[in-house]
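Me: Please take a close look at one part of this model, a sheet together with what packs on it. Please then place it beside some helix contacts and loop residues elsewhere.

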Amino acid sequence: MVSLSRRPPYIRLMDPVELFRQVAATVPAYRTFLAENRIDPAEVVTIRDFERLPLTTKDNYVRRHTLPDLCRDGVIGDMIAVSSGSTGVPSFWPRSVSDEEVIAARFEEVFRDSFAARERRTLAVVCFALGTWVGGLFTVNCCRLLAARGYPITVVAPGTDRREIARVLPELAPHFDQVVLLGYPPFLKNVIDTEDLPWSDWDVKLVTAGEVFSEEWRSLVAERAGIADPVRGIASLYGTADAGVLGNETALSVGIRRFLAARPDTARELFGESRLPTLVQYDPDVRFFEEHEGTLLFSGDNGIPLIRYHIADEGGVIPYERLLEFVGRHGFEPEAEGLGTAAGAERPFVYVFGRSHFTVSYYGANVYPENIAVGLEQPEVSGSVTGKFVMEVVEDAARDRHLTVTVELAPGEKPSDEIAQGVGASILAQLLRLNSEFANYVPVPQQVPFVRLREAGDPEYFPPGAKHRYTR
């Protein structure tokens, strides 16, 4: 029988070496991991020593040990969340109130600095899945912590039940100054697109997580939801089931991202990719990020403390001064854009592309979901589709390969040659604009994607309620 108790508070002013010492001393699984790798904790005394420690992963660390052994002193936290991950095998992640108190600071920054929620009565509508899944109850708890800190926030949690969302919003929204919807990007867009509600009357804001979206998506959804200022009206969180929220978009990071979205060559110079990553700022007091061969590592104190943990997210870390200097050289001036320095704004940036296996390779060019998504978000086609799609490279009977994109139509739309041709042309135009590999590697006759249209909710490609996968 494992006893339950509140674990020690978070380390502030993150010192990764001190975190390592505490984890090595108190977490049974990590002591075993170090012994297996013949590492004496007493010999890790400098940041250089820390950077030579072996990486931990879900496979080589988390799945090899019992849940109590992964926690400090063998004590499981006061709540368990579950994530299925990309394999479908469930993982269990303990949480404690102290985890949520720290992570609530990321929500607080968005609500305070972008949504002015200190001064405005706010209805927070949690549209993440409820139950054991990691997002919903965690978000509810963080929003309630903001209310406990004096924010005039009221939380309602319909989860992913669209009928309940449509039922509670008209009853509650008129009593508040603004409504904040929190959920995954495609789900929120679908709700806004299909529920006949007076969105523009409610001063809607969005908090999203879990997926990279384009600036065209932000502008499109802002327009449909009546959000006057996309920079301050929609904020994305970078989080993982393993450690909660790691960083958040700020008005500054969104302003920079929108600047780069209009300048693909400048973005490619900075990020080294044709696709645009999520760009967030993080608190170095409680998270330590490293870049490793184009992917991210993080260390932090959580329900399961993690040291140099590798989750296979492609991305990197950019110091505040370096990024501001770079975009300044290319003509971006935060003050001129009305993006003055909010409290704590001079924090480092982390950028995240997502997982590399979500790409497809076509004639040697990597094609990313983000490239396709921008094509579907153009005004000439966005009204006919939901934004969901599946891309794959299909081989025909002659063994010729074709880039194939299966696209979900908006409710009520039927497949037609006219829509298919318009969607294909829009996708191709954005692929050629954004992806120089595609433009140069793929022979011109093979560049036009083959578009297959499916009605909304198609059970094979777009089953309702399932977590959507953009590649096959």
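Reply: The sheet is described below, followed by the helix contacts and the loop residues.

The model is predicted: local features need pLDDT of at least 70 and side-chain atom pairs count only at pLDDT 80 or more, while totals for chains, interfaces and linings use all residues. Residues are numbered from 1 along each chain as its sequence is written, and side-chain values use heavy atoms, with hydrogens and water left out.

The sheet is open and mixed in its pairing, with three strands in the order β16-β17-β18; strands (E, at least two residues) and helices (H or I, at least four) are DSSP runs, numbered from the N terminus, and two strands pair if DSSP finds at least two bridges between them. The edges are taken by β16 (385-395) and β18 (450-454), each with a single partner strand, so one side of each has no neighbour in the sheet. On average, neighbouring strands are turned by 25° against each other, direction ignored. Strand β17 (residues 401-409) runs parallel to β18 and is joined to it by five bridges. Val405 stands opposite Val451 of β18.

Two helices meet this sheet. Helix α15 (residues 417-434) lies across β16, β17 and β18 and runs at about 130° to β18 (angles run from 0 to 180 degrees between N-to-C directions, and axes are lines fitted to C-alpha atoms, for helices over the stretch in contact). Helix α14 packs on the sheet as well, touching β16 and β17, and its direction makes about 135° with that of β16; contact means heavy atoms within 4.5 Å. Eight of the eight residues of α14 (residues 369-376) are buried, so this helix is largely enclosed by the rest of the structure (buried means under 20% relative accessible area, exposed over 50%, partly exposed in between, with a 1.4 Å probe and protein chains only). Among those buried residues are Glu370, Asn371 and Ile372.

Elsewhere, helix packs on helix. The axes of α5 (residues 97-114) and α6 (residues 134-148) come within 9 Å and cross at roughly 70°, which makes α5 roughly perpendicular to α6 (the term covers 65 to 115 degrees). On the α5 side the contact includes Ile103, Phe107 and Phe111, and on the α6 side it includes Phe138, Cys142 and Leu145. By class, this contact has nine nonpolar, two polar and three charged residues; Ala, Val, Leu, Ile, Met, Phe, Trp, Tyr, Cys and Pro count as nonpolar, Asp, Glu, Lys and Arg as charged, and the others, Gly among them, as polar.

Helices α8 (residues 185-194) and α9 (residues 215-225) pack at an angle of about 30°, their axes 10 Å apart. Pro185, Lys189, Ile192 and Asp193 of α8 meet Trp217, Leu220, Val221, Arg224 and Ala225 of α9. The residues of this contact divide into six nonpolar, no polar and three charged.

Two loop residues deserve mention for their backbone. Arg38 is not a glycine, yet has a positive phi of about 55°; its place is in the loop between α2 (28-36) and α3 (47-51), and at 81% relative accessibility Arg38 counts as exposed. Asp203, also a residue other than glycine, has a positive phi near 50°. Asp203 is found in the loop between α8 and β6 (204-209) and is partly exposed, with a relative accessible area of 26%.

Note on methods:
Angles under 35 degrees count as roughly parallel, over 145 as roughly antiparallel, 65 to 115 as roughly perpendicular and the rest as oblique.
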